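Please open the structure in your viewer and keep the selection tool at hand. We will go from stop to stop, and at each one you will get something to select.

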Amino acid sequence: MELSQFKPVSKLITRITRVEKPLFPVFDAHNHLGLDFGGGWDNRPLSELIDQLDQVGVARYVDLDGGWGEDLLNTHLQHFKQPAPERFLIFGGVDWSQWPERGNAFTQWAAGRLRAQHDRGAEGLKIWKGLGLQVKDQHRNLVNVDDPRLDLIWETAAELNLPVMIHVGDPVAFFDPIDETNERWEELAHHPEWAFTSPPYPPFMHILDGLARLVMRHPKTIFIGAHVGCYAENLIWVGALLDRCPNFYIDISARIGELGRQPYTARRFFIQYADRILFGSDMGPDPEAYRILYRFLETDDEYFNYSPAPLPAQGRWHVHGLYLPQDVLEKIYFRNAERLLLGHQDL
Ligand SMILES: [Zn+2]
């Protein structure tokens, strides 16, 4: 038998808790309704989606897929936001492909687009991981995450009270050589296009240091670092940036696989930074993915699969629940997101 065929079944007899519904109504601050995320939801009756969210206690849902073209944002606003304004928030984006053509006028143009998106009903700005990895300026040079030419975009977001959901980098192992020591080898074998081996890509820490400088330089802009501040493997680093920057928040989307294999550190981190952490799934409106997150946050179940798939795609390890205290759960499930994204109280 080859190692790739090995699918061991744990013989541990421990408690298995099925959490049908979360302890508090959930505000999912990081998710998608676009085509790439089991989407096509804009072609199905909205009631189907709402029923699915009701089943698992999701009261509000951030759809990061408003994009940057007129059509996409309008489609998402018309199909989701307008019929159910209290259930959905749609985020817009920046069209980096315009930079080479617009040259020095790019930032002014992009800030203007942000205003237009806000006027139409976008409630935040989503920055995809291409910034720092692929985005190029008019001279075909790679643009750093904290490039000062972009300052006007972040200042405009602050002025319009639009939070910036930012994802830079990716799992650290995606930047490492793809050899027998790479902990995401199996995932990269299935998705070679996810490898950002450095060189030719910039080193992981070059990108993350750029994120830290960006957040520090714009204290009036709210940044939400996607996927545990873009560095779930190193909660010391994320905690240090949270300590330094009151304008920095994080979401927990798509990283239980990292958090749940360092459960003592993660539990302390969640309790210490309970006011700065937002719930997020990033798995589309999938009920089973939500239930795994609830189990992870609420129970002390041990050594369970962090994915709805039989073999977890991010790595063949299992996770442990954090059994967070109720007041912490309340903040992470919805209070922090209400404060940040709906302005329910002063920041
Ligand atoms: Zn996402």
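The tour below visits two sheets, a metal site and two helix pairs.

**Before you start**

This is a predicted model, in which local features need pLDDT of at least 70, side-chain atom pairs count only at pLDDT 80 or more, and totals for chains, interfaces and linings use all residues. Residues are numbered from 1 along each chain as its sequence is written, and side-chain values use heavy atoms, with hydrogens and water left out. Helices (H or I, at least four residues) and strands (E, at least two) are DSSP runs, numbered from the N terminus.

**Stop 1: the three-stranded sheet**

Select 26-31, 58-63 and 88-90 to show strands E1, E2 and E3. They form an open sheet in the order E1-E2-E3, with parallel pairing; two strands pair if DSSP finds at least two bridges between them. E1 and E3 are the edge strands, each pairing on one side only. From one strand to the next, the twist averages 15°; axes are lines fitted to C-alpha atoms, for helices over the stretch in contact, and angles run from 0 to 180 degrees between N-to-C directions.

Zoom in on E1 and E2, which are joined by four bridges. Which residue of E2 is the bridge partner of Phe27? It is Arg60.

Now add helix H1 (residues 46-55), which packs on this sheet and touches E2 and E3; contact means heavy atoms within 4.5 Å. The direction of H1 makes about 115° with that of E3. Next, add helix H13 (residues 326-341), which lies across E1, E2 and E3 and runs at about 65° to E1.

**Stop 2: the zinc ion**

Select the zinc ion with His30, His32 and Asp282. Its donors (N, O and S atoms within 2.8 Å of the metal, or 3.2 Å for Na, K and Ca; water is not among the atoms, so sites may look incomplete) are NE2 of His30, NE2 of His32 and OD of Asp282, at 2.1 Å. Along the chain, the donors follow the spacing H-x1-H-x249-D. His30 is in strand E1, while Asp282 sits in the loop between strand E8 (277-278) and helix H12 (287-298), 252 residues apart.

**Stop 3: helices H2 and H4**

Show H2 (residues 70-81) and H4 (residues 106-120), whose axes come within 11 Å and cross at roughly 20°. The two helices are therefore roughly parallel to each other (the term covers angles under 35 degrees). Display Glu70, Leu73, Asn74 and Leu77 in H2, which meet Arg113, Gln117 and Arg120 in H4.

**Stop 4: the five-stranded sheet**

Move on to the open sheet with the order E4-E5-E6-E7-E8, where the pairing is again parallel. E4 (125-127) and E8 each have a single partner strand, so one side of each is left without a neighbour in the sheet. Select E6 (residues 223-225) and E7 (residues 248-251), paired over three bridges. Here Phe223 stands opposite Phe248 in E7. Helix H5 (residues 151-159) packs on this sheet, touching E4, E5 (164-166) and E6, and its direction makes about 150° with that of E4.

**Stop 5: helices H9 and H11**

Finally, select H9 (residues 235-244) and H11 (residues 263-272), whose axes cross at roughly 10° and come within 11 Å. Leu235, Val238, Gly239 and Leu242 of H9 make the contact with Thr265, Ala266 and Phe269 of H11.

Terms used:
Angles under 35 degrees count as roughly parallel, over 145 as roughly antiparallel, 65 to 115 as roughly perpendicular and the rest as oblique.
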